[in-house]
Amino acid sequence: MPRNTRRPQSAPRLQLSIVVPLFNEVGTLDELHRRLAVVLQRLGLSAEVIYVDDGSTDGTADALSALGSLDTRVRVVTLARNYGQTAALAAGFDAAAGDVIVDIVSGWREQRVDNLWTRRLPSKAANWLMAKLSGVSLHDFGTTFKAYRAPVIKRIRLYGDMHRFIPALASWGGARIAEVPIANIPRPQNQSHYGLSRTWRVLADLITVRFLLRYVTRPLHLFGPAGFASVAAGAAAGVWIAATKVVTGAPVFMAHGPLLLLSAVLVQTGIVLVGLGLLAELLARIYMDGRNRRIYTVAQPSQRARVMRQVWAGPRPVPPRQKVLQ
């Protein structure tokens, strides 16, 4: 299906972009778009609706093509295969051209209607853990009912299943976050594609996000303390074994064999951890320097910089011509 992602050069600047990732949602697409159209009409803003077809196989692509022919606000991005929600959102964010007033508004499904054991309890535990480890106090990380200011979301690179942690990644870059309750209604058709199978992926991504937020520019601060502690414990055990041998003359391997082995393992583990920290430091330097990345985000240019631009904005005086001596 052709992608309807280009807009005329003379089109007015969009105020709002709505990104909707879809995978086998032909049964709910018409109702979804009808509700979106009603809300957009009430808002009265210039807007676009970007539907990202994430490799659907149930006729979603044909339904999107029909919607695009009926509504000029619809833009369709069709992915080559099913890449997952994070990739679909990233494709939609890259194609979006609208602006949003607030930095981030994160939806909170205050009254959940999902299954208690497979959705609500695991989600509640995961949201609590994400809030504690990320330092962003949100009730609901899982919902994608969120609004972003374009500069905030476009500087965030998504991969894996990181779409759940966009608020944490944006907050790390200096964004302000607001949370509002949203209605969580039963799906009129189809069943949710999510269940307990994603638990381990969420935990793995949570560890990654924790590392990115706290130690991406100083990884040795994570590996170093553990490595030094392990070396110190192993060395202390080795010194105690050597002192016992000198004082009592007891055979080391017969009397303290397991402790000696543990001492050697601790020392080796500590050295490996410190080495990993040093390698991570080198990789961090290559990552930052190779792409000219900064470890900070500037909210606005300094006042002096603006004044200097104003001073030099005018035409420069032309120096008088000098006579050439013959």
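Which residue in strand 2 is the bridge partner of V19? In this predicted model, where residues are numbered from 1 along each chain as its sequence is written, local features need pLDDT of at least 70, side-chain atom pairs count only at pLDDT 80 or more, and totals for chains, interfaces and linings use all residues. Side-chain values use heavy atoms, with hydrogens and water left out.

The protein contains 10 helices and 6 strands, taken as DSSP runs numbered from the N terminus (helices H or I, at least four residues; strands E, at least two). Buried residues account for 35% of its 326 residues, where buried denotes under 20% relative accessible area, exposed over 50%, and partly exposed in between (1.4 Å probe, protein chains only). Among contacts (heavy atoms within 4.5 Å) with a separation of 6 or more, 79% join residues 24 or more positions apart.

The partner of V19 is I50 in strand 2. Strand 1 and strand 2 pair in the parallel sense over 7 bridges; pairing requires that DSSP finds at least two bridges between the strands. Of the 7 residues of strand 1, 6 are buried. I50 also touches I18, V20, R75, V77, G92, A95 and A96, in addition to V19, when residues up to four places away in sequence are not counted.

Both V19 and I50 belong to the largest nonpolar core, of 33 residues, and, with V52, V77, F93, L158 and I166, touch the most other members. Such a core is a set of buried Ala, Val, Leu, Ile, Met, Phe, Trp, Tyr and Cys residues joined through side-chain atoms within 4.5 Å. At least two residues each are supplied by several elements, including strand 2 (47-53), helix 4 (116-134) and helix 7 (199-215). Helix 3 gives the largest share, 6 residues. Another core, of 16 residues, lies apart from this one and includes L36, V49, L64 and L67.

The loop between strand 1 (16-22) and helix 1 (26-43) holds N24. This residue has a positive phi of about 55° although it is not a glycine. N24 counts as buried because its relative accessibility is 18%.

Helix 9 (residues 252-290) contains L282, which counts as exposed because its relative accessibility is 53%.
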